[in-house]
Structure formats: C-alpha cells, structure tokens
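Reader: I am new to this structure and would like to go through it step by step. Could you show it to me, please?

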Amino acid sequence: MKAKKILLPLIAAVVIIAVMVAAYFTIGENGAFATPWALLAPVIAIALALITKEVYSSLFIGVVIGAVLNANFSFTGTIDAAIEGGLIAAVADSSGIFIFLVFLGIIVALINKSGGSQAFGRWAQTHIKTKAGAMLATFILGVFIFIDDYFNCLTVGSVMAPVTDSHKISRAKLAFLIDATAAPICMIAPISSWAAAVSGCVESETYSGIELFVRAIPYNFYSLLTLGFIILIAIIGFDYGKMSFSELKAQDGEFGIIKTATDDTPSEASHKGKVIDLLLPIVVLIVACVAGLIYVGYKSEGVNNIVDAFGSTDAYVGLPWGCIIALVIIVVYLMARHIITFKEAMECVPKGFIAMVPAILILTLATALKNMTGGLGADAYVEGLMKSAAPGLASFLPAIIFVVACFLAFATGTSWGTFGILIPIVTSMFAETDPLFFIGVSACLAGAVCGDHCSPISDTTIMASAGAQCNHIEHVSTQLPYAITVAAVSFVSFIIAGFVKNVYIALPAAFALLIVTVLVIKAITAKKSKA
C-alpha cells in the first residue's frame, strides 16, 4: 500500500514531464492558444486531484502548467502569468465571495455558540424519525434556499448536519444532497443569481434574458432529473458506488467529518439555545441577502421592477451586502436574548474566518486555473469544435451541446463560465422560431451544471464539501457515479427531445427512463452482493 502511494505520484510526475516536453516541441511560435493544449492544465489538475487525493498541490500544479503554456515556456513570463494573471486576478475577481464566505462562517459560528444548532438537532431527533425523512428534509431546505448556490451549500450544511448525523448519514452523502440540490434548484429558479447570470449572457432580438431562461426550464433535464434522483434514492433507500462504503462506515459512527474552528463542543455552546435561535438567523440571512441582491440590481440603469433587478444584479456584491446586515442583526438578537456576550460574539469572528480558509484557498487556486485556461483560448477551441459538429446533425445537436458543456465545465470547474462561453454560440446555431432553439439553450445549461457537479475544481463542489465538513476528494469520488447516472439519462433525453421537440413527451420519458435506470442498477447491485 505504501509503495502504491509513492508509485502513483511518481508515475504522474513522469507523465507530466513527458507531456510538457511534447508540448514544448509541438507548440509553435503562435503558442497554445485555441488548440487542444488549452485544456491541458485543468485536465492534469483534475487527474492529480483524483490520483493523489490532495487538492491544493494539484490545483497549484495546474496553475503553473497553465502559466507555462500562457508564457510559451518563458521563465519570467511564467512567473508573471501565475502571479499577476492567475493568483492576484483570482483574489481580485472573487473578493466579494470571499467576504461573503467569511461573514457566513461567522454567522455559523454564532449559531453554534448560541446552542441553536444543538437545539435543532434535539428537535429533529424527536420529529424526523427516519433516514429517508432526514434526507428529504435536507432536500426541502435546499429547495427553499433557491437564491444562490454558495448561500445554499453553506446554510443547508450547517443546519442539517446534526439531523443527518443523528440518522447515521455520512457527511459524503450530506455533501451530495447539498451539491445536488444547490446548483440544480438555482438553475430552474427564475429569481436567483444563476438566472441573473444566464440572462446576462443572452443576445436575442425576440426574447429577454429572463424570458429565455424561463422557457428553457422544462428542457433542463439534468437539473430536473437530479432533483428527482434525490427523492428516488431517499424513498427506496439505495446507494451504490463509493457512496455505499461511506454509508456503511456511517452506520458504525464514522461520518467522515472534517473538524473546523466553528465546531463548539456541547460544553462551549450555550445551554439556553432554542430552535428559534437557529431558524430566525437563517430567515434574517435569507431576507437580507434577497434585499441585497435586489438593491444592487436596482442600481443598474433601466431597471424598473424586481425581475429586472434580479436580471441585472451582481451576486458578488449583493450577497456580502445582505450578509453583513444579517450579521449585525443576529449579533444584536443573540445578545438581547442573553445567550451570548459581546466578547463571545467577537470570539466567533476569527473562528468563522478560520473555518472558511480551506474553501477560500481552493477557490483562489481554482479561479487562477480558470484564468490560465481562459488565457489559452479554451472557449475559442470549443467554439470551433461545436461549429464543426453542426452540419447534418440538427436533431442530435442538443445532445452534442450537452456533452460539450459537460466537458468544458468539468475541465474549467465553472458552470457560469461554461454557459457564458456557449450560450452565444448556441443561440447563433438555431433560428429563434425553431423549437431546437430552447432545447439547445437548455442542453447548454444542463451540461454546465453536470460538468460542474463532476469536477473537483468546481466552486460549487468545493462549497458543498465545506458546508458538509466533508473531505473534498471523498465528496467528488462518491458523487461521481450518481452524477454520471443522471448525465447518461439526460443525454438520451436530449436525443429524444431533439427528435420529438415536445416537452410533454420528452420530460415524462426522461423521468421514466431515470426510474428504470436506478431500479436496474439496484437489481444488478443486489445480484452482485449475493454472488
């Protein structure tokens, strides 16, 4: 076993060196821009993360390789690209989300210190009687928080962890429930940061961005089927792949929890805490964040209503805006209830920050890697592939678009970046009167979510791991078989939709196919276990 741990990284290092030597002699004076080499850095980073189970070094190596290719093997150019174009730009671009994460970490620490989480755990133990009930309660809370995926991941994780622990559900399973609810529900909710992002990518003479988003929802098979998949496996009580091993460990009390600075022991948490001390801060946080998103949206020119405000908002500004207001209100409330003192509230500030450091580090490196990939023209390369596949494949195009979006989101770790690249291409491929116009846009959005779910460098996947306090690579490896199952059904569904062009036929067929697929997998798994 020890030899294997040493051998795999060694083989990976030799392969990377060999590939880079090949790139040096293959890439001409024009560099790697808009060539297959543009996707090399994220592919290596993802492979290393899955092989070594270590995400920090894998992402950093990916950034360095991307910088080398951006600088066309110049030493000083590589350092400039990695530092200025990669890491510094990543921190600058993500500073709003970093602030939001820190404030959210402080709020979580305050709630834990107040005893609200423990009180909710005690309430849940008496009211949520079954494992399926705990999973469905997690799912319902995730659906309720449809505004933003980051907010969803961290809030649902902190609230539901005591409940899932009490029913012996592993943190890997909790991370899956969070991740599989957050992005899909945001992708089908017209009032969300994702709807706003999609709206901003649309260039149409007939439809507004939000109208196109709404019309595309019924064909967004991956998002809809993922939500159905959660309900299905919760009801039938079935797990497969690596998730089944994590769940077996949980039955013996090994939940796979990564401890953080916000984990107050029962003796440190207040004994005065009640369920309201958890629920009220969450409600305040939701209302304040919605208000923040609307306020920031209204500051844009030409905005006259709430829908337009959400379409024009900037989540990187609106979420911190709302979160800091919520933080002040929550501190005042908890002190007024005499649950915590001002000194104890201030002690939660560094705790909340420290708890979010791993997520901030991963996000910084992942964003830097995306910057490197963008600088190499990955979008131009993918655009060329898309257009070369178009002739003679009209009815198959939605399925092809879905696969391309999956691959691009997986390689770059960004669903927003993926549909930002592909939506303008997809909308130019179809006439706006063609039913395939909406199906193609839906396929692009669905593929972006799917690739995002599968990628270890995805920000949403990272947030789900942080929210569930789960080992990041364990979350990725346990979620992957589930995501691939839904992706396969979605691929077939897009082929069906491409031919029938009728959502009343395609959507029921997709759900029927999902149910049959899961039941077949269950039968095969049961047969293997008996053998």
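**Helix packing, core and single residues**

Author: Let us begin with one pair of helices: H4 and H16 cross in a right-handed manner. Please keep in mind that this is a predicted model.

Reader: At what angle do the axes of H4 and H16 cross?

Author: The angle is roughly 150°, and the axes of H4, residues 75-114, and H16, residues 342-375, come within 6 Å. Angles over 145 degrees count as roughly antiparallel, so H4 is roughly antiparallel to H16.

Reader: What classes of residue make up the contact of H4 with H16?

Author: That contact divides into 22 nonpolar, eight polar and four charged residues.

Reader: Let me step back. How many helices and strands does the protein chain have?

Author: There are 23 helices and zero strands in the protein chain. The chain has 531 residues, and 54% of them are buried.

Reader: And what share of the contacts with a separation of 6 or more comes from residues 24 or more positions apart?

Author: Such residues account for 81% of those contacts in the protein chain.

Reader: Which residues touch the most other members of the largest nonpolar core?

Author: They are Leu110, Phe176, Tyr222, Phe229, Phe402, Phe419 and Met463, in a core of 164 residues. The helix that gives the most to this core is H4, with 15 residues. As a general point, nonpolar side chains tend to be buried together in soluble globular proteins.

Reader: Take Phe229 from that list. What is in contact with Phe229, leaving aside its neighbours within four places in sequence?

Author: Phe229 is in contact with Phe176, Tyr240, Tyr482, Thr485, Val486, Leu514 and Val518. Both Phe176 and Phe229 also appear in the contact between helices H8 and H11, Phe176 on the H8 side and Phe229 on the H11 side.

Reader: How do H8 and H11 pack?

Author: Their axes are 8 Å apart, at an angle of about 145°, and H8 passes H11 in a left-handed crossing. On the H8 side, the contact is made by Lys173, Phe176, Leu177, Ala180, Thr181, Pro184, Ile185 and Met187. H11 brings Ser223, Thr226, Leu227, Phe229, Ile230 and Ile233. By class, the residues of this contact are ten nonpolar, three polar and one charged.

Reader: Where do the axes of H11 and H20 stand to each other, and at what angle?

Author: The axes of H11 and H20, the latter being residues 436-454, come within 7 Å and cross at roughly 55°. H11 and H20 are therefore oblique to each other.

Reader: Which residues of H11 and H20 meet?

Author: Phe221, Tyr222, Ser223 and Thr226 in H11 meet Ala446, Val449, Cys450 and His453 in H20. This contact has five nonpolar and three polar residues, with no charged ones.

Reader: Back to H8 for a moment. Is Asp179 buried or exposed?

Author: Asp179 lies in H8, residues 171-187, and counts as buried because its relative accessibility is 0%. Not counting neighbours within four places in sequence, Asp179 is in contact with Pro184, His453, Thr460, Thr461, Ala464, His475 and Gln479.

Reader: What about the loops? Where is Pro218?

Author: Pro218 is in the loop between H10 (209-216) and H11 (221-236). Its relative accessibility is 29%, so Pro218 counts as partly exposed. Beyond residues up to four places away in sequence, Pro218 touches Leu224, Val503 and Leu507.

Reader: How far apart are Pro218 and Phe438?

Author: Their C-alpha atoms are 9.4 Å apart in space, while the two residues are 220 residues apart in sequence.

Reader: Which phi value does Lys168 have?

Author: Lys168 has a positive phi of about 55°, although it is not a glycine. Lys168 is in the loop between H7 (149-166) and H8, and is partly exposed, with a relative accessible area of 39%.

Reader: And Lys501, what is its phi?

Author: Phi of Lys501 is near 55°, also a positive value in a residue other than glycine. Lys501 sits in the loop between H22 (472-500) and H23 (503-530). With a relative accessible area of 32%, Lys501 is partly exposed.

Reader: One last residue: is Val332 buried or exposed?

Author: Val332, in H15 (residues 315-336), is exposed, with a relative accessible area of 51%. The C-alpha atoms of Val332 and Phe342 are separated by 9.0 Å, and the two are ten residues apart along the chain.

Note on methods
Residues numbered from 1 in each chain as written. Predicted model: local features only at pLDDT ≥ 70, side-chain atom pairs only at ≥ 80, totals over all residues. Heavy atoms only, no water. Axes fitted to C-alpha atoms, helices over the stretch in contact; angles between N-to-C directions. Helix = DSSP H or I, 4+ residues; strand = E, 2+ residues; numbered from the N terminus. Parallel < 35°, antiparallel > 145°, perpendicular 65-115°, else oblique. Left-handed = near helix turned anticlockwise from the far one by under 90°. Nonpolar A, V, L, I, M, F, W, Y, C, P; charged D, E, K, R; others polar. Core = buried A, V, L, I, M, F, W, Y, C linked by side-chain atoms within 4.5 Å. Buried < 20%, exposed > 50% of the residue type's maximum accessible area, 1.4 Å probe, protein only. Contact = heavy atoms within 4.5 Å.
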